[in-house]
Amino acid sequence: MPTPSVAALPIRRLTLRDLTACADLSENRGWPREEHKWGFLLSAGKGYGIDDPDGGLVSACAVTEYGPHGRPDLAAIGMVLVAERHARQGVGRRLMRHVVSTMGTTPLTLHATPYGRPLYEELGFKVTGRAEMLRGHFTPDGPTPKIATRPATAEDLPSILRLDEEVFGSDRTHIITRLPAFADQLRVAEERGRIIGYTAAWPNMDTHVVGPLIARDTETAQALIASLAAHTDRPLRTDVDVRHEELLAWAKGRGLASVAFNAVMTYGIGDLPGDWSRRFAPLTVAAG
């Protein structure tokens, strides 16, 4: 029998049983396998994919919803991948159209590489911002930030959740409550017993990714990054909103180099909710 056309293959929901196939697909396109991140996205959100009749996946992506359960007020799309041998055949466009249709009136956001941006623009996504990826070994230099930081405790979780919803603009309880298990470090900044920022460092291949990074101001963000760096030997990686010019310059002066720029795009909403001035970096660009 002839092999079915890729255009005719069904799109289905992915589960944690597809973790290895998702990692294989990442590797096929020259990305790191990122099994730890794939596991997080598939458990905290929804995966969509197309099975390859010859085994593995033709295509995959992850969708992370925020807001009331069953009535999300924002969703992030990430990890949009098409196997090399099926590239440039409209598979990614078909998968994205399916996701946009499935999400109905829910506003959407994603981080687009220069390669993927034309497709998303074709589908109606608009560029509303930019993020700069930094990577490198952090080297302390200059005066130490005076903001007090410490490891987060279980008792901090309600305060972290309140701060996160205020700054992010949507309820991320199902994401934030997974951080203690997902991340190697979860730290808070506080002043007079009040939490004014928090961040996490989670393992991704040979690096520690800094995110989310929520902070009252740049000095607080600096203190949180420095505190994470003091407790790891791995290079740090993070994606900072380019409007935070002071933090970017500070990080570059301490060993983190610019790797790439991604466009922050939205669909069905003019701009992201929340307070960008206190939102320095996402948990991961795949989940916002």
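Here is a short chat about helix packing and aromatic pairs in a predicted model.

Tutor: Residues are numbered from 1 along each chain as its sequence is written. In this predicted model, local features need pLDDT of at least 70 and side-chain atom pairs count only at pLDDT 80 or more, while totals for chains, interfaces and linings use all residues; side-chain values use heavy atoms, leaving out hydrogens and water.

Student: At what angle do helix 8 and helix 9 pack?

Tutor: Helices here are DSSP runs (H or I, at least four residues), numbered from the N terminus. Axes are lines fitted to C-alpha atoms over the stretch in contact, with angles from 0 to 180 degrees between N-to-C directions. The axes of helix 8 (residues 218–229) and helix 9 (residues 245–252) are 10 Å apart, and the angle is about 30°.

Student: Which residues of helix 9 make the contact with helix 8?

Tutor: Contact means heavy atoms within 4.5 Å. Helix 8 brings Thr218, Ala221, Gln222, Ile225 and Ala226, and helix 9 brings Glu246, Leu247 and Trp250.

Student: Is phenylalanine 40 buried or exposed?

Tutor: Buried means under 20% relative accessible area, exposed over 50%, and partly exposed in between (1.4 Å probe, protein chains only). Phenylalanine 40 has 5% relative accessibility, so this residue counts as buried.

Student: Is tyrosine 267 buried, partly exposed or exposed?

Tutor: We can use those cut-offs again. The relative accessible area of tyrosine 267 is 25%, so this residue is partly exposed.

How values were computed: Helices (H or I, at least four residues) and strands (E, at least two) are DSSP runs, numbered from the N terminus.
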